[in-house]
Amino acid sequence: MRSRYFVGEKNDRSNIRVLAATGGLQEKTDLPIEVLGEDAVRRAVNSCIETREPVSGPNGLAMPLITRNGMTGALYLAMSNVELEEIVGTELMQLFVSNVALGYEKTGLLEHIRNLAFVDRVTGLSTFSGFIETFQRHASNQIPLLVVHCDIQRFRVVVDGIGDERAGGVLKRTGHRLSQIFPDALTIARKEKDEFLVLLKGGEANDIQSIVTRVEDAFQEPITLDDNQINLRMRLGFASSEDSAHGAEELVRFASIALNDVRQKGMTNHSVFHPLMQEAAFERLRLASMLTGSANQTEFHLHYQPIMRSGDDSIASFEALMRFKTPAGNFLNTARMIEAAEASGLITEIGAWMFKSAFSEFRKLSVAGNDVRLNVNLSPRQVQTNRIYKDIEDAASAAELQLHRLVFEVTEGLFLSNDQVTLSLLTWLRNKGAKVVIDDFGTGYSSFSYLRKLPVDGIKIDRSFISNMDQDADALAVVKSIIAVAKAMNLEVTAEGVETTGQRKIMQELQCDYLQGFLYSKPQSCDDLMKFVQQSSVSGSTFQS
């Protein structure tokens, strides 16, 4: 006989999967029936289980397996009914099916126990335990393996919108779509929540870029759930066993580290594991541990740097900047500490502390004038939390600070996914009178085309362009272009990193709105900066050329 395989139905009678198989389909064991590439086979098996009657397909026959306790499955033989009768006869075939059904019934309890361990109830895919078991089975054959760890970007938004129960339907449809994308998968599993694992043969058979393209193309079409059309975007982390003899759980961990790299950077939708990622992950863990939980906890501080009006060198705003100090009095690298806080989830608490402290201290700096504003930075992780609205309002209320005195700085990467959560928050801030500016403009995926569509009031040109523009003609050309286009769009422009009178003069000639840098003042504590504020209020100008 040619290939034959058994297909059983799950207890919830919604997910039909392969129980056993021989021939070319042996590797499909434990996978949903959707992974079978032949539509005719799937239709025959589905119809056979539904009607409990034999169903002939163009290349085979599906026969029902019905047990006394109500279990229903189908035995599919890749051979026509006529061929079967010629070879074994009808009576012998019926006896064979009866024996198979009896064995199917006797193994029902064991199958049920196995389902609990190896079959995910929500999606019908494999569980993590089943994934590990399949990995080990194929790894023993000494073939290179590729692990793909993927998740649904902004899945929390889906859950909040339609509820946990219906979100399970989205996960099920996502799992089925992954099965369609990867018919060559050795197994597909749901790891937890909205995370999935795909095990593929490594080597040239599965090029990473082609895998990314397949996933992107497949999820261009929205997931349909009842009357809802839900657009999903997947993030992927890759790890391969080709160059090492790592075990299943270790390789999954590597793929998870790569996926987390995508989450942290937010600049692309996939990443391939590199050993340096593991070192970076350990370093984030070490730094995160310094933020909580002991008497030697890192101290939080705020420094402020003035932002000046280029026309008259008067104070326009103060930017609040986080600082982290050890109990010994040493300041830690701010960028690395923020990254660790984002990775550990502590950024939300730190952000709430910053709002409360900065808004309160700003009252001292407000002696510079009622038109002076306070700039605060928003982390991408903060923006995605529901509590950020309350954190901002509570801090502003406690400080008796109107939101029209605030400017919120965000990075370009925040807009890459164009998700409604981000846009809703920024629109809410602007409706409250606050301003929104894009920080470090020019270093990421800068595009003036998207600026027209975003709820922003201005941009800050990254210091790397400012510091080089008086020696680098290309950097100067970029600065000129940014200012010209921003002006045409009625966006305010701030130049960061102004350190020399020459840079200041260039920016004034280009009619840049605001200047910020060491030429005026380094970031200082609120108390230390008061001398700068007093000098400004007495002279009416803080800088004389």
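The following exchange takes up how several labels in this predicted model are justified.

User: What does the protein chain contain in terms of helices and strands, and how much of the chain is buried?

Analyst: The secondary structure comes to 20 helices and 20 strands, and of the 545 residues 49% count as buried. The accessible surface is about 25900 Å², of which 49% belongs to carbon and sulfur atoms.

User: Why is the pair of tyrosine 389 and tryptophan 428 called edge-to-face?

Analyst: A pair of aromatic rings is described by the distance of the centres and the angle of the planes. The centres of tyrosine 389 and tryptophan 428 are 4.9 Å apart, and rings pair if their centres lie within 6.5 Å, so the two rings form a pair. Their planes stand at 70 degrees, and an angle over 60 counts as edge-to-face, so that is the name the pair receives. The structure holds five aromatic pairs.

User: What makes this pair a link between distant parts of the chain?

Analyst: Tyrosine 389 belongs to helix 14 (residues 388–398) and tryptophan 428 to helix 15 (residues 420–431), with their positions 39 residues apart in the chain.

User: Which of the labels buried, partly exposed or exposed applies to tyrosine 389, and which to tryptophan 428?

Analyst: Tryptophan 428 has a relative accessible area of 17%, and buried means under 20%, so tryptophan 428 is buried. Tyrosine 389 stands at 28%, which lies between the 20% limit and the 50% limit for exposed residues, and therefore tyrosine 389 counts as partly exposed.

User: How do you know that arginine 177 lies over the face of phenylalanine 219?

Analyst: Arginine 177 is at 5.5 Å from the ring centre of phenylalanine 219, and the limit for a charge over a ring is 6 Å, with a further condition of 35 degrees from the ring normal. Arginine 177 is listed as lying over the face, so both conditions are satisfied. Lysine 191 lies over the face of phenylalanine 128 in a comparable listing, at 5.7 Å from the ring centre.

User: What makes up the largest nonpolar core, and where does methionine 507 fit in?

Analyst: The largest nonpolar core has 75 residues, and methionine 507 is among those with the most contacts inside it, along with Tyr304, Phe355, Phe359 and Leu378. Helix 12 (residues 347–365) gives the most to this core, with eight residues. Not counting residues up to four places away in sequence, methionine 507 touches Ile466, Met469, Val479, Ile483, Ala495, Cys512 and Leu515. A second, separate core of 31 residues includes Phe155, Ala167, Leu171 and Leu178. In soluble globular proteins, nonpolar side chains tend to be buried together.

User: Why is serine 126 called buried, and what is in contact with it?

Analyst: Serine 126 has a relative accessible area of 3%, and the cut-off for buried is under 20%, so the label follows. Serine 126 is found in the loop between helix 4 (108–118) and helix 5 (128–139). Leaving aside neighbours within four places in sequence, serine 126 is in contact with residues including Phe118, Asp120, Thr187 and Ala189. The C-alpha atoms of serine 126 and alanine 189 are separated by 4.3 Å, although these residues are 63 apart along the chain. The side chain of serine 126 also reaches the backbone nitrogen of phenylalanine 131 at 3.2 Å.

User: What makes the approach of serine 314 to aspartate 312 a polar contact?

Analyst: The two side chains come to 2.7 Å, and a polar contact requires N or O atoms within 3.5 Å, one able to donate a hydrogen and the other to accept it, so the listed pair qualifies. Serine 314 lies in the loop between strand 13 (299–309) and strand 14 (315–325), and at 13% relative accessibility serine 314 counts as buried.

User: Why is glutamate 400 called exposed, and what is stated about its phi?

Analyst: Glutamate 400 has 69% relative accessibility, and exposed means over 50%, so glutamate 400 counts as exposed. Its phi is near 50 degrees, a positive value in a residue other than glycine, and the place of glutamate 400 is in the loop between helix 14 and strand 16 (406–411).

Definitions and conventions. Residues numbered from 1 in each chain as written. Predicted model: local features only at pLDDT ≥ 70, side-chain atom pairs only at ≥ 80, totals over all residues. Heavy atoms only, no water. Phe/Tyr/Trp six-rings, centres within 6.5 Å; stacked < 30°, edge-to-face > 60°. Helix = DSSP H or I, 4+ residues; strand = E, 2+ residues; numbered from the N terminus. Buried < 20%, exposed > 50% of the residue type's maximum accessible area, 1.4 Å probe, protein only. Core = buried A, V, L, I, M, F, W, Y, C linked by side-chain atoms within 4.5 Å. Contact = heavy atoms within 4.5 Å. Areas by Shrake-Rupley, 256 points an atom, 1.4 Å probe, with all protein chains shown as cover.
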